Amino acid sequence: MADIQGSYDDLFTAVPSALAALLDGGDVGGSVAVFVDGEPVVDVWGGFADAARDVPWQQDTIVNVWSVTKTMTALCALVLADRGELDPDAPVARYWPEFAAAGKETVLVRHLLSHTAGLPDWDGPVADIYDWSAATARLAAQAPQWEPGTAAGYHSLTQGFLVGEVVRRITGRSPGEFFADEIAGPLGADFRMGLPAEHDHRVALAVPPPFQDEDYTAGAARSDVARTVTATPTAIRLRDGNSVAWRRAQIPAASGFGNARSVALVQSAMACGGSVRGVRLLSRAGCDRAWEEQFSGEDRVLGMPISWGLGYGRFGGTYGWGGWGGSTVMIDPEARAVVAYVTNQMREPAEDTRGLDILMAAYDGLQGLRAGG
């Protein structure tokens, strides 16, 4: 059995066992954290940080969590909304006047957060992703693919720029700077959007799925009937995500770097009514706003039914999201718990049940806590 490092409460033995099973099944490396009331009941890691399996995964190893980053960007917006600096029901153009171009004057901030703005595709060059001004100017000039607010289509890369530019217009700080100053810093969380070179040695680069290489691309099922434009979105390759340019850039939908511990710590704010370890990020009402359903139905890009809140996917009484390659975060406000899993081993999305496996193992322990309480 794979060697699992870290610590865990006796009620949660199923979690390190689940991680070990994934590593024994061929995964390269990963980490899992379960936080209850803002404190870890599981903090474990194992495997390797490199594809050659020469460098052991360490306590401070970090990885690109891809779209789990969206939950961090959403939290930035929710903090501003809680402070009264951002109105989710306001037109985006109130904060970002140039955005009103091409028929987008009726797009509301909540449409950005709930993937209903009609701007799901990045169709520019990959190089522009690394240039904040170029990326946001391109999106400001685009016409929506559908009437904003009437349908949802997963904004896999664009959402971070859209929400992030609103954050920047309000605060004068990039979303990565705001997150560092107002969220990660006060909590002491090891998570960054825009990774300084001093942390490169800790990064576990993404490993492609079996029989794939670094030209492996992100993709999702899409209902072609729903599309109103014919442009093909720019394909993002694994080699792009593993590049230095990607790490240095702020891509607030997909380039956050952290580990399971830091993901769970930050999102514990949402699980615990806005306060973690004596640090209050937002009010309970501000947390509750995230769970208000904005859309329910088939997502035009993902091609499956989904319920969107303000920046988070809704799954029964839990909320969260996953990233390309397998990383996952799930928040359970009733249990005041967060489960986070991150990995450098990608799998084909249709075959990837790892996040669910980890969640089921974690819920064995959470049910034990409830029974004991």
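1. Start with a handy cut-off: when the angle between two helix axes is under 35 degrees, the pair counts as roughly parallel. Keep in mind as you read that this is a predicted model.

2. Now look at helix α2 (residues 69–82) and helix α7 (residues 158–171). Their axes come within 10 Å and cross at roughly 30 degrees. That angle falls under the 35-degree cut-off, so α2 and α7 are roughly parallel to each other. As for handedness, the crossing of α2 past α7 is left-handed.

3. Which residues make the contact between α2 and α7? From α2 you get K70, T73, C76, A77 and L80. On the α7 side, look for Q159, G160, V163, G164, V167, I170 and T171. Sorted by class, this contact has six nonpolar residues, five polar ones and one charged one.

4. On to the cysteines. A disulfide is a covalent bond between the sulfur atoms of two cysteines. How many disulfides does the structure hold? Zero.

5. Take C272 as an example: it is in no disulfide, and the nearest cysteine sulfur belongs to C287, 8.8 Å away. Why does C287 have no such bond? Its sulfur has the one in C272 as its closest cysteine sulfur, and 8.8 Å is too far for a bond. To count as a disulfide, the two sulfur atoms would have to be within 2.5 Å.

6. Are these two cysteines buried or exposed? C272 has a relative accessible area of 5%, so it is buried. C287 is buried too, with a relative accessible area of 2%. The cut-off for buried is under 20%.

Terms used: Residues numbered from 1 in each chain as written. Predicted model: local features only at pLDDT ≥ 70, side-chain atom pairs only at ≥ 80, totals over all residues. Heavy atoms only, no water. Axes fitted to C-alpha atoms, helices over the stretch in contact; angles between N-to-C directions. Helix = DSSP H or I, 4+ residues; strand = E, 2+ residues; numbered from the N terminus. Parallel < 35°, antiparallel > 145°, perpendicular 65-115°, else oblique. Left-handed = near helix turned anticlockwise from the far one by under 90°. Contact = heavy atoms within 4.5 Å. Nonpolar A, V, L, I, M, F, W, Y, C, P; charged D, E, K, R; others polar. Buried < 20%, exposed > 50% of the residue type's maximum accessible area, 1.4 Å probe, protein only.
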